[in-house]
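This report walks through one protein chain for a reader who has not met it before. Please look at the sequence and the fold first, then read on.

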Amino acid sequence: VADRLYMVLEYIEKGQVMICNQATMQFYSPITGCVLDENTARHYMIDIISGLKYLHLHKVVHRDIKPENLLVTNDNHVKIG
């Protein structure tokens, strides 16, 4: 039907990369319960940069990159939401 609009989103299993503890104002990973280790952070950063490069090559500017919009899949890749 032409008068309806549907938005289909991918379900990202593990959720946000980091969550901010409002009491301490510190970020932690909901997956590990603490800060990310260096290897995991490096792996995530490569995915984030690759995603941003793809968006910019297609003339898309996200304008809201933050931990809440970076989502981790079951195979530990980060996708930009």
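In which strand is F27 found? F27 is found in strand β3. The model is a predicted one, and the values below are computed from it.

**Overall layout**

The protein has 1 helix and 5 strands. Read along the sequence, these elements come in the order β-β-β-α-β-β. The radius of gyration is 15 Å, well over the 12 Å that the globule rule gives for 81 residues, so the protein is more spread out than a compact globule. The C-alpha trace spans about 50 × 30 × 25 Å along its principal axes.

Of the 81 residues in the protein, 16% are buried. The exposed surface comes to about 6,500 Å², and carbon and sulfur atoms supply 58% of that area. When contacts between residues at least 6 apart in sequence are taken, 52% of them join residues at least 24 apart. The protein carries 8 positive and 9 negative charges, and the mean positions of these two sets are 7 Å apart.

**The nonpolar core**

In soluble globular proteins, nonpolar side chains tend to be buried together. Which residues form the largest nonpolar core here? There are 7 of them: V17, M18, Y44, I48, L70, V72 and V78. Helix α1 (38–57) and strand β4 (70–72) each supply at least two residues of this core.

V78 is a useful place to look at the core from. Leaving aside its neighbours within four places in sequence, V78 is in contact with V17, Y44, I48, L70 and V72, and also with D47 and L71.

**Strand β5 and the loop before it**

K79 lies in strand β5, which covers residues 78–80. At 34% relative accessibility, K79 counts as partly exposed. Beyond the neighbours within four places in sequence, K79 is in contact with E10, I12, N69, L70, L71 and T73.

H77 is found in the loop between β4 and β5. H77 also counts as partly exposed, at 34% relative accessibility. With neighbours up to four places away left out, the contacts of H77 are H43, D47, L71 and V72.

**F27 and C34**

Back in strand β3, F27 is partly exposed, with a relative accessible area of 37%. Not counting residues up to four places away in sequence, F27 touches M18, I19 and C20, together with V35, P67 and E68.

Where is C34 found? C34 is in the loop between β3 and α1. At 42% relative accessibility, C34 counts as partly exposed. Leaving aside neighbours within four places in sequence, C34 is in contact with Y28 and S29.

The table gives, for some of the residues described above, a partner with its separation along the chain and its C-alpha to C-alpha distance.

| Residue | Partner | Apart in sequence | C-alpha to C-alpha |
|---|---|---|---|
| C34 | M18 | 16 residues | 9.3 Å |
| K79 | S50 | 29 residues | 9.7 Å |
| H77 | G15 | 62 residues | 11 Å |
| F27 | V17 | 10 residues | 9.6 Å |

Two of the partners in the table, M18 and V17, belong to the largest nonpolar core.

**Two residues with positive phi**

Most residues other than glycine have a negative phi. M25 has a positive phi of about 60° although it is not a glycine. The place of M25 is in the loop between β2 (19–21) and β3 (26–28). Is M25 buried or exposed? M25 is exposed, with a relative accessible area of 55%.

R63 is not a glycine either, and has a positive phi of about 70°. R63 is found in the loop between α1 and β4. With a relative accessible area of 79%, R63 is exposed.

Notes
Residues numbered from 1 in each chain as written. Predicted model: local features only at pLDDT ≥ 70, side-chain atom pairs only at ≥ 80, totals over all residues. Heavy atoms only, no water. Helix = DSSP H or I, 4+ residues; strand = E, 2+ residues; numbered from the N terminus. Rg over C-alpha atoms; globule rule 2.2 N^0.38 Å. Buried < 20%, exposed > 50% of the residue type's maximum accessible area, 1.4 Å probe, protein only. Contact = heavy atoms within 4.5 Å. Areas by Shrake-Rupley, 256 points an atom, 1.4 Å probe, with all protein chains shown as cover. Lys, Arg positive; Asp, Glu negative; His and termini not counted. Charge placed at Lys NZ, Arg CZ, Asp CG, Glu CD. Core = buried A, V, L, I, M, F, W, Y, C linked by side-chain atoms within 4.5 Å.
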